[in-house]
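These are my notebook entries on one protein chain. I set down what I looked up, in the order in which I looked it up.

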Amino acid sequence: MSPERVLICQNRTCKKQGADKVLAAFQASPVPGVTVVASSCLRHCGSGPMVLVEPGDVWYCRVRPDEVTAVVERHLKNGVPVKGMLFHPPHP
Ligand code: FES
């Protein structure tokens with residue numbers, strides 16, 4: 001599935017953890033066909049900054065601005081999620 005949207009949580013907890021800089025890093029590296037969205041809470045507060053790639057529900061946690069290039073190059077451009085950074089939400 002090729003990525004179409006990347007959501008970066010900008011709610012309080014993630015913001016305290018640097019989510020605004022992560023959002024800025026994604027905005028600085030636009031990928032054709034992929035929309036960067038400043039999102040409200042993604043319901044995994046405390047593991048942030050949280051990033052969600054859709055479709056396919058691929059999650060990244062504790063994303064640092066210097067890690068954004070890896071997500072952009074490998075996942076958004078080439079469709080290969082960055083394994084070491086993935087977050088697996090607990091099943092309900
Ligand atoms: S504040 Fe970011 S997931 Fe809730």
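I began with Trp59, in a model that is predicted. Its relative accessibility is 8%, under the 20% limit, so I entered Trp59 as buried.

I then asked what arrangement the rings of Trp59 and Phe87 adopt. Their centres lie 6.4 Å apart and their planes meet at 75°; the angle is over 60 degrees, so I recorded the pair as edge-to-face. The structure holds 1 aromatic pair. Trp59 belongs to strand β4 and Phe87 to strand β5, with their positions 28 residues apart, and the pair thus links distant parts of the chain. For Phe87 I noted 15% relative accessibility, which counts as buried.

Next I turned to Leu86, which I found in strand β5, residues 86-87. Leu86 is partly exposed, at a relative accessible area of 24%. Beyond its neighbours within four places in sequence, Leu86 is in contact with Val58, Trp59, Tyr60, Cys61 and Pro81. I also looked up Arg62: its C-alpha atom is separated by 9.5 Å from that of Leu86, and the two residues are 24 apart along the chain.

I followed the strands from there. In what order do the 5 strands stand in the sheet? I read β2-β1-β3-β4-β5, an open sheet with mixed pairing. β2 (35-39) and β5 each have a single partner strand and stand at the edges, so one side of each lacks a neighbour in the sheet.

I went through the pairings in turn. β1 and β2 run parallel and are joined by 5 bridges; within this pairing, Cys9 has Ser39 in β2 as its bridge partner. Strand β1 (residues 5-9) and strand β3 (residues 51-54) run antiparallel, with 4 bridges. Leu7 is matched there with Leu52 in β3. Leu52 has a further bridge partner, Trp59, in β4. β3 and strand β4 (residues 58-60) are antiparallel and share 3 bridges. The two form a hairpin with 3 residues between them, and in the turn I noted a positive phi of about 110° at Gly56.

I then examined the helices against the sheet. α2 lies across β1, β2 and β3, and runs at about 160° to β1. α3 packs on the sheet and touches β1, β3 and β4; its direction makes about 165° with that of β4.

Which residues have the most contacts inside the largest nonpolar core? I listed Val6, Phe26, Val51, Tyr60 and Leu76, in a core of 19 residues. At least two residues of this core come from each of β1, α2 (19-28), β3, β4 and α3 (68-76). Another core, of 10 residues, lies apart from it, with Cys9, Ala19, Met50 and Phe87 among its members. For Val6 I looked up the contacts more than four places away in sequence: Phe26, Val34, Thr35, Val36, Val37, Val51, Leu52, Val53 and Leu76. I added a general remark: in soluble globular proteins, nonpolar side chains tend to be buried together.

My last entry concerns cysteines. Is Cys9 buried or exposed? Cys9 has 2% relative accessibility and counts as buried. Cys45, at a relative accessible area of 48%, is partly exposed. I recorded 0 disulfides in the structure.

Terms used
Residues are numbered from 1 along each chain as its sequence is written. This is a predicted model: local features need pLDDT of at least 70, side-chain atom pairs count only at pLDDT 80 or more; totals for chains, interfaces and linings use all residues. Side-chain values use heavy atoms; hydrogens and water are left out. A disulfide is a pair of cysteine sulfur atoms within 2.5 Å. Buried means under 20% relative accessible area, exposed over 50%, partly exposed in between (1.4 Å probe, protein chains only). Contact means heavy atoms within 4.5 Å. Two strands pair if DSSP finds at least two bridges between them. A nonpolar core is a set of buried Ala, Val, Leu, Ile, Met, Phe, Trp, Tyr and Cys residues joined through side-chain atoms within 4.5 Å. Axes are lines fitted to C-alpha atoms, for helices over the stretch in contact, and angles run from 0 to 180 degrees between N-to-C directions. Rings of Phe, Tyr and Trp (its six-membered ring) pair if their centres lie within 6.5 Å; planes under 30 degrees apart count as stacked, over 60 as edge-to-face and the rest as tilted.
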